[in-house]
Amino acid sequence: MAKIIVITSGKGGVGKTTTSAAFASGLALRGYRTVVIDFDVGLRNLDLIMGCERRVVYDLINVIQGEAKLQQALIKDKRCENLYVLPTSQTRDKDALTSEGVTAVMDELRTEFDYIVCDSPAGIESGALMALYHADEAIVVTNPEVSSVRDSDRILGILAARSRRAEQGEEPVKEHLLLTRYSPKRVEGGEMLSLQDVKELLRTPLLGVIPESEVILQASNQGIPAIHMENSDVAEAYKDVVARFLGEERPLRFIHPVKVGFFKRLFGG
Amino acid sequence: MANPRSPGTETSAPLRVSGGVFTLSILHLESNNPQQLAQRIAEEHQRHPAAADFHRHAPVVLDLSAIPEEAPLALTEILNVLRAADWFPVGLRNAAPRHQALAQDLNLPVLRGQDRNAAPQPETPAPAQSVSTSPGGLTIDHPIRGGQRSYARGGDLVCLAAVNAGAEVIADGNIHVYGPLRGRALAGVNGQDSARIFCMSLEAELISVAGLYRILESDHPLWGKAAQIYSRDEQLHITALTL
Ligand SMILES: Nc1ncnc2c1ncn2[C@@H]1O[C@H](COP(=O)(O)OP(=O)(O)OP(=O)(O)O)[C@@H](O)[C@H]1O
Ligand SMILES: [Mg+2]
């Protein structure tokens with residue numbers, strides 16, 4: 001039976017889709033049969049980040065409305081053997097996502113996969129609620145700034161109250177905090193909240209820290225999940241996240257400003 | 001198919017009317033000028049959004065002791081100002097006979113409750129809620145997040161973790177918070193003015209005991225410190241918790 005993981009945040013633009021793509025790819029690279037689902041109906045970003053936008057024929061909404069079979073909508077990733085993408089529709093509105101429909105899709109996917117990764121839309125309305133409802137675990141993506149932390153706090157409350165696990169009185173959804181777009185230099189300059197600040201405010205176990213990096217932009221422009229960007233900090237950071245998620249111990253990296261060496265300073269980097 | 005007897009058609013049971021004691025906010029009207037009132041409310045709510053939140057949909061009694069008998073009173077307009085600010089005016093008190101007559105014309109009760117110890121009893125059909133005096137209570141061992149609200153009916157609320165910004169803890173009795181108190185805490189909401197709030201780190205947006213409330217800012221001398229909050233002589237007191 002698959003484990004369902006929602007990637008959520010409350011606030012928009014913090015790195016949920018970037019994380020969903022990288023994390024799902026990382027699980028697949030470890031050999032797990034993984035599917036990543038785009039719940040952001042009307043925007044449809046995940047397929048772009050995964051580089052499969054031209055292979056989208058049917059989507060989640062078609063499946064929910066009975067216009068296509070699940071098998072027809074699942075797109076096999078071109079880089080990872082075990083990874084599938086379930087894209088969403090750009091043309092339908094959010095009401096097309098019904099809770100019965102989502103439940104049916106989840107029930108079918110559960111038997112086929114090890115992990116189901118749900119990329120949530122921003123906000124705390126129905127789309128975000130649908131994405132988190134079935135979750136067994138949640139990765140709450142947060143940027144080191146006050147409004148993002150507040151929204152993460154809010155979504156943590158909603159996870160504790162409105163998920164299927166909460167409604168049925170089961171073991172609560174397991175929460176993970178993922179701090180992204182972390183810029184140690186700006187933290188040092190006092191422009192951003194520090195890792196300690198965020199941990200103290202949210203009090204949720206930390207899964208990892210993803211540094212701010214222009215590699216993310218290159219990756220998304222090429223449709224390559226960031227975890228495949230060889231020799232980059234972000235790829236390494238996302239690999240650590242996957243490892244910790246699977247229960248391995250990894251020290252935190254990329255949380256201190258890079259010290260520029262004497263010669264580099266002298267001759268220019 | 002056998003239809004269950006609908007409760008509405010029962011004839012034998014008498015109407016259930018019971019007594020109840022309610023805590024209501026009292027607004028002391030400063031003048032008979034509705035515009036001025038509107039302006040004062042707007043200023044207060046702009047300065048303290050948490051106060052606006054606190055007042056939203058709150059029943060309120062207008063105290064007219066500052067309004068002389070001979071002053072004209074545009075009561076309808078004053079009520080409209082309050083309603084526009086999302087308040088629910090439910091009655092008048094300390095009103096001159098002339099002003100009481102105005103209230104009667106508007107079907108607005110004139111309440112006799114004089115001070116906080118004998119909380120005024122609205123004659124409007126508020127739900128006849130019986131206050132449980134059982135020493136029930138609520139113990140919470142996880143953080144209370146923004147947007148969440150926890151209510152200990154008829155007892156104390158104990159939170160062993162943080163009450164985060166935007167969260168609300170409410171109790172008929174005392175409130176104890178062992179993590180930082182960053183949200184709102186309302187103790188004694190059923191009028192128990194001996195209720196207190198205890199916290200290990202006072203960073204609250206708003207604190208209230210038995211209807212008295214206060215907004216806090218980070219310049220408060222006890223900010224971030226262990227503190228208790230209680231009411232005495234219609235005033236909220238915040239003191240260090242020294243053990
Ligand atoms: N670690 C990072 N460093 C630099 N830029 C990043 C990083 N992570 C994400 N971004 C950028 O931030 C923007 C938002 O990222 P993304 O689309 O993943 O966020 P989202 O939370 O899914 O947004 P939405 O709420 O709109 O769905 C993108 O332009 C992305 O390239
Ligand atoms: Mg997104």
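A surface patch here is a set of residues with over 30% relative accessible area and no salt bridge, and nonpolar side chains join such a patch when they lie within 5 Å. With that in hand, let's take a walk over this predicted model.

**A nonpolar patch on chain B**

L160(B), Y178(B) and M200(B) come together as a nonpolar patch on the surface, and their accessible area adds up to about 300 Å². Y178(B) sits in strand β8 of chain B, which covers residues 175–181. Its relative accessibility is 46%, so Y178(B) counts as partly exposed, because that class lies between 20% and 50%.

**A positive patch on chain A**

Chain A offers a charged counterpart: R54(A), R55(A), K78(A) and R79(A) gather on the surface as a patch of positive charge. You will find R55(A) in the loop that links α2 (46–49) to α3 (60–64) of chain A. R55(A) is partly exposed because its relative accessibility is 39%.

Here are the two residues side by side:

| Residue | Place | Relative accessibility |
|---|---|---|
| R55(A) | loop between α2 (46–49) and α3 (60–64) | 39% |
| Y178(B) | strand β8 (residues 175–181) | 46% |

**Chain B as a whole**

Stepping back, chain B is built with four helices and 14 strands. Of its 243 residues, 47% are buried. Among the contacts in chain B with a separation of 6 or more, 39% join residues 24 or more positions apart. The accessible surface of chain B is about 13,200 Å², and carbon and sulfur atoms account for 51% of that area.

Terms used:
Residues numbered from 1 in each chain as written. Chains lettered and ligands numbered in written order. Predicted model: local features only at pLDDT ≥ 70, side-chain atom pairs only at ≥ 80, totals over all residues. Heavy atoms only, no water. Patch = residues over 30% accessible without salt bridge, like charges linked within 9 Å, V, L, I, M, F, W, Y side chains within 5 Å. Areas by Shrake-Rupley, 256 points an atom, 1.4 Å probe, with all protein chains shown as cover. Salt bridge = Lys/Arg side-chain N within 4 Å of Asp/Glu carboxyl O. Lys, Arg positive; Asp, Glu negative; His and termini not counted. Charge placed at Lys NZ, Arg CZ, Asp CG, Glu CD. Helix = DSSP H or I, 4+ residues; strand = E, 2+ residues; numbered from the N terminus. Buried < 20%, exposed > 50% of the residue type's maximum accessible area, 1.4 Å probe, protein only. Contact = heavy atoms within 4.5 Å.
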